[in-house]
Amino acid sequence: MSRTVAIEDSDAGREGRPSSIPAHNNAYFGVAAPMLQQPRDRHRCAGEGGSGRAQGARNVEHTVAIEDRDFVDWHGGCRHALVWVTDVDTPEVREAVAAMRARLGDLLLPRYERQPHVTVAFGGLAPEPGATPTGVLYPPDLADLHAARVRDLGVAPFTVRISGWDTFTTTPYLVAEAPQLALLHEALIRERPRTADFAPTYVTHVTTGHYAVSVPVEDVRRRLEGFQCPDLEVRVDHLTLASYETHDIAGRLSVARIVEHFDRLSTGPVETP
């Protein structure tokens, strides 16, 4: 029987929660399903000396279908949610995402408009007068504190390496790696409760879509057998506080704030291209 999870926004999956409980925003905690929380063995493409199969998926039996709808109880009238990301939206990464989506085909929801990015930390819902959300809020003073902390870390520009693939229960993804990401993540969640919303396991990744159906993970493996994914490198010199519309689980990201070169702050509602 197909199991459908209500999910407000997801890049990563969590296993073991009842399907009636919305798995909101697990995209932006960088949280893997507990079954996938194991040392990563990068899943190379067949053309690069590997099977192209997901090691993590060996311990997961089925994918989890995602509902594409507006989760009003979660956002309660808050129109935007905020998440810290690194921008990896290059033509090469877009091509790799498209190639993986083409392989998976009807296993995925047909629409995923998010620009390629690596989540660093979920912020929360942008507060609005009269809103009654059940989700966590991210007030401006806390965003200011986090932006200042990122600048104070003194992180130099770095390279995100993208290669291979893996899967959460709810979403497949390209593997992304850079040691600086974990440092930034810890700085941005220091005050946050270590609840299901801000769980301790951080998995760096580039989401390629949401599963539309519950199928054996072996079906994912078969679809991706021989998938060619070149080693990609993306230079990162800033951190973005991105905003997305809460009614749309697959809509585009907009820029709410940028910490540029990790040493000066610029603000403004700048749309991403």
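**Exercise 1. Describe how helix 2 and helix 5 pack in this predicted model, including the handedness of their crossing.**

*Solution.*

Step 1. The crossing of helix 2 and helix 5 is right-handed.

Step 2. Two further quantities are needed, because a pair of packed helices is described by the angle between the axes and the distance separating them. For helix 2 and helix 5 the angle is about 120°, and the axes lie 8 Å apart.

Step 3. This angle makes helix 2 oblique to helix 5, because the roughly perpendicular class covers 65 to 115 degrees and the roughly antiparallel class begins over 145.

Step 4. Helix 2 contributes Met100, Arg103 and Leu104 to the contact, while helix 5 contributes Val220, Arg223 and Leu224.

**Exercise 2. Determine which residues of helix 5 are buried and how they are arranged around the axis.**

*Solution.*

Step 1. Helix 5 spans residues 217-224, and its buried residues are Val217, Val220, Arg221 and Leu224.

Step 2. These residues lie on the same side of helix 5, because they cover an arc of only 100° around the axis. The general background is that an α-helix has 3.6 residues a turn, so residues three or four places apart point the same way.

Step 3. The packing partners of the buried residues are helix 2 (91-104) and strand 5 (158-167).

Step 4. After helix 5 comes Gly226, which has a positive phi, near 80°.

**Exercise 3. Carry out the corresponding analysis for helix 4.**

*Solution.*

Step 1. Within helix 4 (residues 179-188), the buried positions are Leu181, Leu184, His185, Ala187 and Leu188.

Step 2. Viewed down the axis of helix 4, the buried residues fall within an arc of 160°, so they line one face of the helix.

Step 3. They pack against helix 3 (140-153) and against four strands: strand 3 (80-87), strand 4 (117-125), strand 5 and strand 9 (238-245).

**Exercise 4. Identify the nonpolar cores and place Val160 within them.**

*Solution.*

Step 1. The largest nonpolar core has 45 residues, and Trp84, Val160, Ile162 and Val206 have the most contacts inside it.

Step 2. Helix 2 gives the most to this core, with 5 residues.

Step 3. Another core, of 16 residues, lies apart from it; Trp74, Cys78, Ala81 and Leu253 are among its members.

Step 4. Leaving aside residues up to four places away in sequence, the residues that Val160 touches include Val88, Val118, Leu181 and Leu232. Leu181 is also one of the buried residues of helix 4.

Step 5. For the protein as a whole, buried residues make up 55% of the 273 residues.

Notes:
Residues numbered from 1 in each chain as written. Predicted model: local features only at pLDDT ≥ 70, side-chain atom pairs only at ≥ 80, totals over all residues. Heavy atoms only, no water. Buried < 20%, exposed > 50% of the residue type's maximum accessible area, 1.4 Å probe, protein only. Helix = DSSP H or I, 4+ residues; strand = E, 2+ residues; numbered from the N terminus. Arc of directions from axis to C-beta. Contact = heavy atoms within 4.5 Å. Core = buried A, V, L, I, M, F, W, Y, C linked by side-chain atoms within 4.5 Å. Axes fitted to C-alpha atoms, helices over the stretch in contact; angles between N-to-C directions. Parallel < 35°, antiparallel > 145°, perpendicular 65-115°, else oblique. Left-handed = near helix turned anticlockwise from the far one by under 90°.
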